[in-house]
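Hi,

Here is the structure I promised to pass on to you. Have a look at it first, and then read my notes below.

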Amino acid sequence: SEAQAYAMLRAVFADDPTTFARTLNWSENNLQRTVAGKRTDQLWAWEWGRDAQGNWRISDRNFASDADIDAITALIFASRRWQRPDYLQLAQSKLQDLWNLSTVAIPQGARYLIPGPTDAFQERSHLLILNPSYFAPYAFRIFAQVDPARDWLSLVDSSYQVLEDSAKLSKVNLPSDWVILDTQTSDYQALPVSHSLRTEYSFNAYRVWWRLAWDAVWFQEPRATQFLQNHLKHLQQTWRSTQRVPAQIDLQGNPLVNYEATSQYAMLYAAFRLIEPAIATEILQQKLLPQYQGGIWEQDSAYYTQNLVGLGLLPPTEFAQLLQLTR
């Protein structure tokens, strides 16, 4: 579902309604979440592939809320760019299910976006597993325009609160791929070492930089700019001293691997061009452009890289007209 949503976003930015429609139609036909052959909601199963018998099918019917957020955002943009009210209607029907199935309200407290179904990410009533890179404040603002019945703007505030407070788990103030929030104490915890999800700065967390950069540019959100300025300092210093940034960093600020990631550099480019343009230019020239050959970044199997570079290099100011509610 993540792949399909990225393709839809990139298609609408590229003014390519044919690719957009093909991607949307395939997803609606193949990623429906069903029970006993009946569709349960408008969200998409996150994983599709070959089973042991070689048949193509859904391999995990859980949804991933970041994919649905990106797909809904793309639908809203497409409805505005190509005057397609049917796309807006589909987005609105998906928003109802996203709200009901992927947000959790704490009694007398905030409402949080969770990464998927509550039975997978709400451990006991007060422990939430969260993915900071799923938070898309710009999208929540756009959702509020077309779905006023639900308080999407509350997710803007809780997103920034989680981003700020959970980054304190890292001694160098970096966001983590996954964290646990204890809603009774408001404390954040690292996931146990035995868990399949990791609390470290890695391939998920890169997307925090891109998502907040879009909120800073599109909606002039000061919290976005402030987060980038405060939480990129370690990577800023690392780049200045070594001209490279490791792909994974632990909570103590130590590199976990020796290799780099083009996908990270694309997300850093999106952020640094706002707060440190000179570093953004260096990253573009030294780490991004050299990886481009024959229309492909790195290699043709590097799916994640293609999409994150495509989104990271996008000039968001060119698409301001898509942010406005049309009558």
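What follows is a short tour, from the overall fold to the sheets, a helix in the interior and the aromatic rings.

Please keep in mind that this is a predicted model.

**The chain as a whole**

The protein chain contains 13 helices and twelve strands. Its radius of gyration is 19 Å, close to the 20 Å that the globule rule gives for 327 residues, so the chain is as compact as a globular protein of that length. Along the principal axes, the C-alpha atoms fill a box of roughly 55 × 50 × 50 Å. Of the 327 residues, 54% are buried. If you count the contacts with a separation of 6 or more, 63% of them are between residues 24 or more positions apart.

**Two hairpins**

Coming from the N terminus, you can look at strand E1 (residues 32-35) and strand E2 (residues 38-44), which run antiparallel and are joined by three bridges. Gln32 stands opposite Trp44 in E2. Two residues lie between the strands of this hairpin, and Ala36 takes a positive phi near 55°.

The other hairpin is made by strand E3 (residues 47-50) and strand E4 (residues 56-60), an antiparallel pair with four bridges. Here Glu47 stands opposite Asp60 in E4. Five residues separate E3 from E4, and Gly54 in the turn has a positive phi of about 85°.

**A four-stranded sheet with a helix on it**

Which order do the strands of the open sheet take? The four strands run E7-E8-E9-E10, with antiparallel pairing. Strand E7 (122-123) and strand E10 (187-189) are the edge strands, each pairing on one side only. Strand E9 (residues 179-182) pairs with E10 in the antiparallel sense through three bridges, and Asp182 stands opposite Asp187 in E10. Helix H7 (residues 153-166) packs on this sheet and touches strand E8 (127-130), E9 and E10. The direction of H7 makes about 60° with that of E10.

**Helix H13 and what covers it**

Helix H13 (residues 303-312) deserves a look from you as well. Eight of its ten residues are buried, so H13 is largely enclosed by the rest of the structure. The buried residues are Tyr304, Thr305, Gln306, Asn307, Leu308, Val309, Leu311 and Gly312. Their cover includes helix H1 (2-13), H8, helix H11 (262-275), helix H12 (277-288) and strand E12 (296-297).

H8 has a residue worth picking out: Ala213 is found in this helix. Is Ala213 buried or exposed? With a relative accessible area of 3%, Ala213 is buried, because buried means under 20%. Leaving aside residues up to four places away in sequence, Ala213 touches Leu228, Ala270, Ala271 and Leu274. For a sense of scale, Ala213 and Thr40 are 35 Å apart in space, C-alpha to C-alpha, and 173 residues apart in sequence.

**Aromatic rings**

The count of aromatic pairs comes to 26. One of them is formed by Phe77 and Trp218, which meet edge-to-face, 5.8 Å centre to centre and with 90° between the planes. This pair links distant parts of the chain: Phe77 belongs to helix H3 (residues 65-81) and Trp218 to helix H8 (residues 207-219), 141 residues apart. Phe77 and Trp218 are both buried.

Tyr303 and Tyr304 give you another geometry. Their ring centres are 6.4 Å apart and their planes are at 50°, so this pair is tilted. Why does Tyr303 count as partly exposed? Its relative accessibility is 34%, and partly exposed lies between the 20% and 50% limits. Tyr304, at a relative accessible area of 17%, is buried.

There is also an aromatic cluster, formed by Tyr6, Phe13, Phe77, Tyr138, Trp210, Trp214, Trp218 and Phe319. Phe77 and Trp218, the edge-to-face pair from above, are among its members.

Finally, a charge and a ring: the charged end of Arg84 sits over the ring of Tyr87, 4.2 Å from its centre.

Enjoy looking around in it.

Best wishes

Notes. Residues numbered from 1 in each chain as written. Predicted model: local features only at pLDDT ≥ 70, side-chain atom pairs only at ≥ 80, totals over all residues. Heavy atoms only, no water. Phe/Tyr/Trp six-rings, centres within 6.5 Å; stacked < 30°, edge-to-face > 60°. Buried < 20%, exposed > 50% of the residue type's maximum accessible area, 1.4 Å probe, protein only. Lys NZ or Arg CZ within 6 Å of the ring centre and 35° of its normal. Pairing = 2+ DSSP bridges. Contact = heavy atoms within 4.5 Å. Axes fitted to C-alpha atoms, helices over the stretch in contact; angles between N-to-C directions. Rg over C-alpha atoms; globule rule 2.2 N^0.38 Å.
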